[in-house]
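Subject: Structure handover and findings

Hello,

I am passing on the structure we spoke about, with my notes below it. Please read them with the structure open.

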Number of protein chains: 2
Amino acid sequence: MNRTLHVDLGERSYPIHIGAGALNGLDAQNRRCLIVTNDTIAPLYLPRVLEALPDAAVCELPDGESFKTLDTAGRILDQLADGGFHRDSLIIALGGGVIGDIAGFAASVYHRGIDFIQIPTTLLAMVDSSVGGKTGVNHQAGKNLIGAFHQPVQVIADLDLLATLPPREYAAGLAEVVKYAALGDLQLLDWLESRVAELRSRDTDVLTEVVYRCCLAKAKIVAADEREQGQRALLNLGHTFGHAIETASGYGTLLHGEAVAIGMVMAADLSCRLGWASAEEVARLRSLLSALSLPTSPPPIPPDEFIALMQRDKKVLNNRLRLVLLRPLGHAVISADVPLDTLRESLDAAA
Amino acid sequence: MNRTLHVDLGERSYPIHIGAGALNGLDAQNRRCLIVTNDTIAPLYLPRVLEALPDAAVCELPDGESFKTLDTAGRILDQLADGGFHRDSLIIALGGGVIGDIAGFAASVYHRGIDFIQIPTTLLAMVDSSVGGKTGVNHQAGKNLIGAFHQPVQVIADLDLLATLPPREYAAGLAEVVKYAALGDLQLLDWLESRVAELRSRDTDVLTEVVYRCCLAKAKIVAADEREQGQRALLNLGHTFGHAIETASGYGTLLHGEAVAIGMVMAADLSCRLGWASAEEVARLRSLLSALSLPTSPPPIPPDEFIALMQRDKKVLNNRLRLVLLRPLGHAVISADVPLDTLRESLDAAA
């Protein structure tokens, strides 16, 4: 059963169409289109999109985060400008988070902002980048340093497109799903626990519900905080630990979602040591993540190095480590005054 | 006497400080700053800005519209990213329209938008780009094809900085001043006519008043139409004729403001032929522009070529020529149904 979620952002509101076969509803209303995709996705799904939009032009980029640069965005802009695309033209982003970010960014600056439709092809992109309007590219000095807030006019999350997603990438997407439950929706956590088999088999009805509930959760947070001042930081549950793990183990060793899964367990453990969450809750979170084929323990990293890496995270303000913790499971809070000793105990136990 | 105009755009409101010596009020409130300027302006005014901001970094670009590209914006972004500038850093745009556009664009996309202060060094930039929030760069396929709407946090229009402006560029700025009067403020037109000597001698008190009134006029139009849907098109008085003249005579032969001066007289002449403005009004406009050392007649361009060039202007919708005309002088209107014969008569008379 398909579902539609309306993200309410005043003038910039837009629908997310979710379900198996949702792509059949794609309609560009006779506007000129440029489909931006990559060379992994194009052979799999470009023909289906071109069936709906036979006159669309295509910009096929190399697959991979290393191509998420200003130069690549310039390539999309060249194709738009040299092709004489007007301000009422449309960009279709067909791919995962990288394609969504870069195509969305190109859309945000061409003619000072043209419309774009997102067709996410990974679970992570469906539950994460579908909502929030963040677009951008990386710089050698840092990820997402260059970008814009630009909302899509429509998101089409067709669960059929997840059939070809590699198992680790699929599981990494589920880590973000568990994150929404852990940070603010205990009912969702209950429900996920009761649907582990369906989640593992990529049941499209269950995934429709999952994507709907995660997008709804994110939409609520984003609507309250569109430009990321306060509450939106809760979405970073597990991320400060996760970034440190990603850096220590070398980027690309672990997928971002895998590092976030480990980071969430570590945040839960620290919350437990502070008396904010129970040991049962930590075990519960760890067990759900394991059941979804996700790692829950960090690779060996000396605690001192771990702390140093955490302090480099951009969420550090005035040299105080701001961490998203659980108080209790199902309710995330931001804490800027975690005793360093307690953090060290937690890291020692995990090491 | 200095004046301050508050541009009212809700959360994005900002002040324009206008007057001789206004630069003395520059205050970055201890934030990290990158000054973006060019190699013509730097020797003249950079020392004064560095006096106020001794710790600021400087990005000096080559002077000229040909450098208003995505590559040059990338150079500013490299300096920001490699220098570890944070999202609470500040860009100071010290220069004319090109510097304001490109530095403002870099500010709009660095960390998805950081603050910038504009210090315009040309009369045109003071009365035109100070208000409206348009930032951007050119593409080989068209001017300003890539950009963003991004408001400055402050504009400092120091009239002392106009002392070194070459005479033709100064006069070109005055053309835009006359434009504001012609399109909507007959009192301003009276006042300009009574201050020709002071305008020619660059009297800073008279210029303070001029910049204040022009920014106020533009701010009113922009506030009603921030993203350029309707009323803002009135600001294009003289521009469709002007662009055709610029193209026919080769870019760079005439300054933009000079072409606009000629274009306004042609728009007035056409308005007169339509019975909307009087012959006296056309003569009055022409005479004020002449007194300010501006050209008022186009170079010889065959009428058919002229019409073809006008139709290539981006203001053409559905192949109908949309022109901003006077009905009467002091009140601009947009007309989409000018008889081609009348337009041709007007061109024949001007040729």
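Strands, here and below, are DSSP runs of E with at least two residues, numbered from the N terminus. V155(A) is found in one of these, strand β9 of chain A. Please keep in mind that this is a predicted model.

V155(A) and its strand

Is V155(A) buried or exposed? With a threshold of 20 or more other C-beta atoms within 10 Å for a buried residue, V155(A) counts as buried because 28 other C-beta atoms lie within 10 Å. Leaving aside residues up to four places away in sequence, V155(A) touches Y14(A), I16(A), Q118(A), P120(A) and S130(A). V155(A) also lies 5.8 Å from I117(A), C-alpha to C-alpha, although the two are 38 residues apart in sequence. I117(A) has a bridge partner in β9(A), namely Q154(A). The strands concerned, β6 (residues 115–120) and β9 (residues 154–158) of chain A, run parallel and are joined by two bridges.

The sheet in chain A

In chain A, seven strands make up an open sheet with mixed pairing, in the order β1-β2-β9-β6-β5-β3-β4. Its edge strands, which pair on one side only, are β1 (3–7) and β4 (57–61) of chain A. On average, neighbouring strands of this sheet are turned by 15° against each other, direction ignored. Helix α1 (residues 41–52) of chain A packs on the sheet, where it touches β3 (33–38), β4 and β5 (90–95) of chain A. The direction of α1 makes about 155° with that of β3(A). Helix α2 (residues 70–82) of chain A lies across β3 and β4 of chain A and runs at about 165° to β4(A).

The sheet in chain B

The open sheet of chain B has seven strands in the order β1-β2-β9-β6-β5-β3-β4, and its pairing is mixed. β1 (3–7) and β4 (57–61) of chain B are the edge strands, each pairing on one side only. The average turn between neighbouring strands of this sheet is 15°, direction ignored.

At the β4 edge, strand β3 (residues 33–38) of chain B runs parallel to β4(B), and five bridges join them. N38(B) has L61(B) as its bridge partner in β4(B). Helix α2 (residues 70–82) of chain B lies across β3 and β4 of chain B, at about 165° to β4(B).

How many residues of strand β9 (residues 154–158) of chain B are buried? Five of the five are, so the strand is largely enclosed by the rest of the structure. In a regular strand the side chains alternate between the two faces of the sheet. In β9(B), Q154(B), I156(B) and D158(B) are buried on one side, and V155(B) and A157(B) on the other, so both faces are covered. On the β2 side, strand β2 (residues 14–19) of chain B runs parallel to β9(B) and is joined to it by four bridges. I18(B) stands opposite A157(B) there. Strand β6 (residues 115–120) of chain B also runs parallel to β9(B), with two bridges between them. Q118(B) has V155(B) as its bridge partner in β9(B).

Helix α6 in chain B

Helix α6 (residues 186–193) of chain B has buried residues at L188(B), L189(B) and L192(B). Seen down the axis of α6(B), the buried residues fall within an arc of 105°, so they line one face of the helix. They pack against α5 (167–184), α7 (196–200), α8 (204–223) and α11 (279–291) of chain B. The face turned away from this buried side carries the exposed residues Q187(B) and D190(B).

The two chains together

A turn of 180° and a shift of 0.0 Å along the axis lay chain B on chain A with an RMSD of 0.0 Å. The two copies are therefore related as by a two-fold rotation axis. The same surface serves both copies, as 100% of the contact residues of chain B recur in chain A.

In the contact itself, 19 residues of chain B meet 19 residues of chain A. On the side of chain B that touches chain A, α2, α3 (97–109), β7 (134–139) and β8 (142–149) of chain B each supply at least two residues. The largest share, six residues, comes from β8(B). By type, the residues of this side divide into 10 nonpolar, seven polar and two charged.

Regards

Note on methods. Residues numbered from 1 in each chain as written. Chains lettered and ligands numbered in written order. Predicted model: local features only at pLDDT ≥ 70, side-chain atom pairs only at ≥ 80, totals over all residues. Pairing = 2+ DSSP bridges. Axes fitted to C-alpha atoms, helices over the stretch in contact; angles between N-to-C directions. Contact = placed C-beta atoms within 7 Å. Least-squares fit on C-alpha atoms with pLDDT ≥ 70 in both. Buried ≥ 20, exposed ≤ 12 C-beta atoms within 10 Å, placed from the backbone. Arc of directions from axis to C-beta. Nonpolar A, V, L, I, M, F, W, Y, C, P; charged D, E, K, R; others polar.
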